[in-house]
Structures are given as C-alpha cells and as structure tokens.
Amino acid sequence: MARKKQQSIREIAVAFRDERIPTIRAKLTRALTGPYTKTLKVKLPKGPPIEVYAEVFNPESAPDVSLYITENDEEPCSLRCTSGVVLGYITRSGYEVFVQVGTGPWE
C-alpha cells in the first residue's frame, strides 16, 4: 500500500483537474525574519498565466496562512485561514486549479 506524502505547511502544491498538466510543487522561503512566502507564475496551455502567492506566519505553532490567485492583473482571489488551505479555482480559460498549503496528505 502506497503511503501518502504529507503536505508541509512550508510547501505549496498547484494541481489541475486535467491530469495531463503536471502538478507544481515548491518550498516557501523566508528571509531572516517574517513569513515564509512563495510566488508562482503558472502557465496554462491556453489563455494567460495565473499568479499564485502563498504566505505562512508561525508555521511551528499556530500557522496563519494567506493565499492569493491573480489572473489578468485583476483583483486577486484571496483566502486567509489557520493550519492550512486547499482552494479550488476555475480560470477564465476554463482550467480547474487546486492550490494547497499544509493541511495533511496530498495525492
């Protein structure tokens, strides 16, 4: 039986319902102080790219997670929560995107 990979609160994963598009995984990085952050420009097969930004404060104790998805330089879709987040988003060109920071197993 295969083990599920534990999704770290310091990692971001961007996956698509269309499995032909590979999942993107990246570590959040941190300056000397402040939050762990990562910005990803995600190219889509059709249409303009989207930008995904994740920010995590206090990953060791009580994480505060913020996630932003921006498309066409418009106002971002944003979400803030604790301990982790999984967000489903449909782009203007019709791609269903799933973004995860923390929250446990990721298939």
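**View 1. Thr-39 and its partner across two paired strands.** Let us start with a single pair of residues: Thr-39 stands opposite Tyr-53 in strand S6. The model shown here is a predicted one. The two strands that bring this pair together, S5 and S6, run antiparallel and are joined over seven bridges. Strand S5 covers residues 36–42, while strand S6 covers residues 50–57. A general point helps when you look at any strand: in a regular strand the side chains alternate between the two faces of the sheet.

**View 2. Strands S4 and S5 and the turn between them.** Strand S5 also pairs with strand S4, which takes in residues 29–30. Their pairing is antiparallel and has two bridges. Where should you look for one of these bridges? Find Arg-30, whose bridge partner in S5 is Tyr-36. S4 and S5 make a hairpin, and five residues lie between them. In that turn you will meet Gly-34, with a positive phi of about 100°.

**View 3. Two tyrosine rings side by side.** How many aromatic pairs does the structure hold? There is one, and Tyr-53 and Tyr-68 form it. General background for reading such a view: a pair of aromatic rings is described by the distance of the centres and the angle of the planes. For Tyr-53 and Tyr-68, the centres are 5.9 Å apart and the planes make an angle of 40°, so the pair counts as tilted, a class that lies between under 30 degrees for stacked and over 60 for edge-to-face. The pair links distant parts of the chain, with Tyr-53 in strand S6 and Tyr-68 in strand S7 (residues 64–71), 15 residues apart. Are these two tyrosines buried or exposed? Tyr-53 is partly exposed, at 23% relative accessibility. Tyr-68 is partly exposed as well, with a relative accessible area of 30%.

**View 4. An open sheet of four strands.** Here the strands line up in the order S3-S2-S10-S9, and their pairing is antiparallel. Why do S3 and S9 each have one side without a neighbour in the sheet? Strand S3 (24–27) and strand S9 (84–90) stand at the edges and each has a single partner strand, so nothing in the sheet flanks the other side. On average, neighbouring strands of this sheet are turned by 10° against each other, direction ignored.

**View 5. From S3 through S2 to S10.** This legend follows the sheet one strand at a time. Strand S2 (residues 11–16) is joined to S3 by four bridges, and the two run antiparallel. Look for Val-14, which stands opposite Ile-24 in S3. S2 is also joined to S10, again antiparallel, by five bridges. Here Ala-13 stands opposite Gln-100 in S10. Strand S10 (residues 96–102) is largely enclosed by the rest of the structure, because five of its seven residues are buried.

**View 6. The hairpin of S9 and S10.** S9 and S10 pair over seven bridges in the antiparallel sense. They form a hairpin with five residues between them. Which glycine can you find in the turn? Gly-94 is there, and its phi is positive, about 90°.

**View 7. Tyr-89 and its surroundings.** Tyr-89 lies in strand S9 and stands opposite Val-97 in S10. With a relative accessible area of 16%, Tyr-89 is buried, because the limit for buried is under 20%. Leaving aside residues up to four places away in sequence, Tyr-89 touches Ile-69, Glu-71, Cys-77, Tyr-95, Glu-96 and Val-97. One of these, Glu-71, makes a side-chain polar contact of 2.8 Å with Tyr-89. Another, Ile-69, is 20 residues away along the chain, yet the C-alpha atoms of Tyr-89 and Ile-69 are separated by 8.4 Å.

**View 8. Two cysteines, Cys-77 and Cys-81.** As general background, a disulfide is a covalent bond between the sulfur atoms of two cysteines. How many disulfides are counted here? The count is zero, with the rule asking for sulfur atoms within 2.5 Å. Cys-77 is partly exposed at 28% relative accessibility, and Cys-81 is partly exposed too, with a relative accessible area of 24%.

**View 9. The chain as a whole.** Stepping back, the chain has zero helices and eleven strands. Of its 107 residues, 38% count as buried.

Conventions
Residues numbered from 1 in each chain as written. Predicted model: local features only at pLDDT ≥ 70, side-chain atom pairs only at ≥ 80, totals over all residues. Heavy atoms only, no water. Buried < 20%, exposed > 50% of the residue type's maximum accessible area, 1.4 Å probe, protein only. Pairing = 2+ DSSP bridges. Axes fitted to C-alpha atoms, helices over the stretch in contact; angles between N-to-C directions. Contact = heavy atoms within 4.5 Å. Polar contact = N/O pair within 3.5 Å; in protein donor to acceptor, adjacent residues only side chain to side chain. Phe/Tyr/Trp six-rings, centres within 6.5 Å; stacked < 30°, edge-to-face > 60°.
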